[in-house]
Amino acid sequence: MKNIAVIGAGTMGNGIAHTFAQSGFNVQLIDISEASLERGIATISKNLDRMVAKEKITEADKANTLGNITTFTNIEEGVKNVELVVEAATENVELKLNIFKQLDKACAADTILASNTSSISITQIAAVTNRPEKVIGMHFMNPVPIMKLVEIIRGYNTSDAVTNTIMALSKELGKTPTEVNDYPGFVANRILMPMLNEAIETLYNGVAGVQEIDTVMKLGMAHPMGPLQLADFIGLDICLSILNVMYDGFKNPKYAPCPLLVNMVRAGKLGVKSGEGFYDYSESKKAEKVSKQFVK
């Protein structure tokens with residue numbers, strides 16, 4: 001397997017494209033927006049520059065990685081002659097189902113279709129295709145070039161052969177693949193999101209402030225960043241979407257998103273990407289300044 005297509009040039013998509021390209025794969029990066037593709041390639045180039053500066057790769061390695069990526073704005077053209085497609089579009093059920101319908105028609109019969117979804121059912125996605133045995137989840141972690149884990153999610157009909165192929169492929173990328181079954185949130189987010197939601201509830205109930213909550217978890221539990229900072233980093237809209245998927249899937253009130261999270265998303269306070277969440281990122285991308293609404 002040498003030819004890969006990646007759908008979506010956003011944070012996860014460009015990270016996945018970067019990782020495959022740096023490992024020597026030919027990557028066809030697809031996005032409906034030419035501007036998004038340009039931003040994606042610029043991000044990959046900047047991240048490669050950091051690796052060069054740290055002497056982890058050479059300038060020749062950077063040039064080879066960028067040379068392995070070709071961009072497309074048309075799915076039909078972008079998936080020609082690929083053996084694997086990794087979809088990394090926005091975490092929206094209807095959008096993903098529509099993309100997989102298109103991929104099923106446009107791709108060769110033996111092409112494996114993978115989704116980077118962090119919570120949406122692989123079985124549901126596979127059901128809109130005529131190849132459910134060849135549909136699988138590849139949930140990479142952000143930032144993709146650095147994080148080692150890939151959650152490999154088997155849908156109800158995913159074959160052993162496809163699972164084994166994707167497990168082996170992940171190892172080729174220098175990742176550690178971990179196989180899980182198809183339930184809402186899988187493993188990573190089923191455990192992580194309730195913790196983040198509980199941290200937001202703790203703030204909402206006035207138990208402690210933003211920095212105090214994050215400090216307790218960083219120093220008391222040895223977490224590299226506090227839960228509110230992490231929620232900002234992931235994107236509060238993404239956190240809300242994942243919690244809603246789990247709440248709908250399990251019908252268990254413990255997964256119901258905190259009203260504060262719902263209101264922040266409605267107000268456009270999405271975290272790092274919008275410039276403000278629990279912290280203010282207008283001057284720095286680091287979580288150094290608490291958002292004014294949470295300052296006593």
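This is a short exchange about a sheet, two helices that pack on it, and one residue of a predicted model.

Colleague: Why is Thr65 called buried?

Modeller: Thr65 has a relative accessible area of 3%, and buried means under 20%, so Thr65 is called buried. Thr65 lies in helix H3, which covers residues 59-67, and, leaving aside residues up to four places away in sequence, it touches His18, Ala21, Gln22 and Leu48.

Colleague: How do you know that strand S7 and S8 pair, and in which sense?

Modeller: Two strands pair if there are at least two bridges between them, and strand S7 (residues 149-154) and S8 have 6 bridges, so they count as paired, in the parallel sense. Among the bridge partners, Thr176 in S8 is that of Leu149.

Colleague: What makes strand S3 and strand S8 the edge strands?

Modeller: The 8 strands form an open sheet with mixed pairing, in the order S3-S2-S1-S4-S5-S6-S7-S8. Strand S3 (69-72) and strand S8 (176-181) each pair on one side only, and from one strand to the next the twist averages 25 degrees.

Colleague: Which strands do helix H2 and helix H7 touch where they pack on the sheet?

Modeller: Helix H2 (residues 34-53) touches strand S2 (26-30) and S3, and its direction makes about 160 degrees with that of S3. Helix H7 (residues 160-172) touches strand S4 (84-87), strand S5 (112-115), strand S6 (135-140), S7 and S8, while its direction makes about 175 degrees with that of S7.

Note on methods:
Residues numbered from 1 in each chain as written. Predicted model: local features only at pLDDT ≥ 70, side-chain atom pairs only at ≥ 80, totals over all residues. Heavy atoms only, no water. Helix = DSSP H or I, 4+ residues; strand = E, 2+ residues; numbered from the N terminus. Buried < 20%, exposed > 50% of the residue type's maximum accessible area, 1.4 Å probe, protein only. Contact = heavy atoms within 4.5 Å. Axes fitted to C-alpha atoms, helices over the stretch in contact; angles between N-to-C directions.
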